[in-house]
Structure formats: structure tokens, C-alpha cells
Amino acid sequence: MDVNDAFPPEVDELASDVGEFTHYWGFKKIHGRVWTHIYLASTPLDAGVLMRRLGISKALVSLTLNDLLAYRVILEGDKSSRGTQTYVANPRILDVIFAILRRRERKMLARAEASFKCLKTLNPSQLQDAGLTPLRIDDLGDMIGEAQTVLSAILELASVDLGRWESFTDTTKGPKTPAQ
């Protein structure tokens, strides 16, 4: 048995719980399960190990790894001794958050805006007959616009070099003193 296959059943229970959590946030449970195994591993994992550990098909592992790579939740590691691609968890949590906001939330807000514009094309009497308040509809459009503005501002942070900030939060170097 490969060292990557020998793990306590509690790991799978935790991976399942993380999968539930990620499902709550709009991802698939398998994303959380795979990420947990990759994150906890002492060495990079390949698709074969993940298939054996999780009891899932090669196709599901492949789709899941591609999704996690697209969201930058995991990164490609080196090739294994067998020549297979390995994967590691992305240690830069801000990169992960920004990638998710860029790929998912921005698209959701764009869909909401498109639906809002479609609603606004209706005749005011149609809206009134449906029991809708035109002022509230306008307010909702403003909320969507504000959400897009805030999201854009947050994503602007992604272009800011946060290296200096990270050096202040790096606990491996000890506490910062004014002279540093």
C-alpha cells in the first residue's frame, strides 16, 4: 500500500464535512473532499491516489481537478516518480478568494443585472397588475449596481502587491519590531 493511501478514516469524515461546507457555498461536495485530501497531504497527490482514497472514477477526478485548477484552489505540482501530474493546495488564500470572486460572483451579478434589465422592459401597468412596486424594482437595480461596484473594488485589491502585508503576518519570522 502506498503511503498516500494509508490514512485514518477520520480524514474521509473531515473531507466529507468540508465537502458539505463547500456545497453550501455553491460548489460541489466533491470539490471540498478532493481539496481536503490534497491540502492535508504531506506530499503532492496525483489523480490515481485521489481515485483510490475517495472511491471515485477517473472522469470525476479529472473534472474536479480541472475545476479546482480553474479557481486556483489547487496548483499543479511536479510529476510523480511514475510520471503522473501531482497537485498541491494553493497556499495563497487571497489568490483563491479573488479567483472565485472573479469567476463566479461577477458572473452571478451580471446575470442578475441582465434579468433586472429584462424586467425593466415591461410596461408599468404589467408590473402594477402583478402587484410589483416600480420604486422597489429601481431600488433593486441600484443594489445590483452597488454590489457590482463593491465587487470591482475588492477585485482591484488583487492587483495590489500585498507582499509587504504578508510579511507582517508571517508568524514564522517572529514578531515585528519598529526597527524592522
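**Close-up views of a predicted model**

**View 1. E20 is partly exposed and has a relative accessible area of 42%.** In this model, which is predicted rather than determined by experiment, the side chain of E20 meets that of K29 in a salt bridge, with 3.1 Å from N to O. K29 also counts as partly exposed, its relative accessibility being 36%. Side chains of opposite charge can pair when their charged atoms come close. By the rule applied here, the count of salt bridges comes to eight, and the pair of E20 and K29 is one such bridge.

**View 2. Helix 4 covers residues 58–70 and turns its buried residues to one face.** At 1.5 Å a residue, the 13 residues of helix 4 should span 18 Å, and the end C-alpha atoms are indeed 18 Å apart, so the expected and modelled spans agree. The buried residues in helix 4 are V61, T64, L65 and L68. Because these buried residues fall within an arc of 100 degrees when seen down the axis of helix 4, they line one face of the helix. An α-helix has 3.6 residues a turn, so residues three or four places apart point the same way. The buried residues of helix 4 pack against helix 2 (29–40) and helix 3 (47–54), and also against strand 2 (74–79) and strand 3 (85–89). Just after helix 4, R72 takes a positive phi of about 60 degrees.

**View 3. L14, Y39 and L40 make a nonpolar surface patch.** The patch has an area of about 310 Å², and Y39, one of its members, lies in helix 2.

**View 4. K117 and E113 form a salt bridge within helix 5.** The side chains of K117 and E113 meet with 3.8 Å from N to O. Being four residues apart in helix 5, which covers residues 93–120, K117 and E113 are separated by about one helical turn. E113 is partly exposed, with a relative accessible area of 28%.

**View 5. D138 and K120 form a salt bridge between two helices.** The closest N and O atoms of D138 and K120 are 2.5 Å apart. D138 lies in helix 7 (residues 134–156) whereas K120 lies in helix 5, so the pair ties together parts that are 18 residues apart in sequence. Both partners are partly exposed, D138 with a relative accessible area of 31% and K120 with 41%. In addition, R72, R92 and D95 are joined into one network by salt bridges that share partners.

Conventions. Residues numbered from 1 in each chain as written. Predicted model: local features only at pLDDT ≥ 70, side-chain atom pairs only at ≥ 80, totals over all residues. Heavy atoms only, no water. Expected span 1.5 Å × (residues − 1). Buried < 20%, exposed > 50% of the residue type's maximum accessible area, 1.4 Å probe, protein only. Arc of directions from axis to C-beta. Contact = heavy atoms within 4.5 Å. Patch = residues over 30% accessible without salt bridge, like charges linked within 9 Å, V, L, I, M, F, W, Y side chains within 5 Å. Areas by Shrake-Rupley, 256 points an atom, 1.4 Å probe, with all protein chains shown as cover. Salt bridge = Lys/Arg side-chain N within 4 Å of Asp/Glu carboxyl O.
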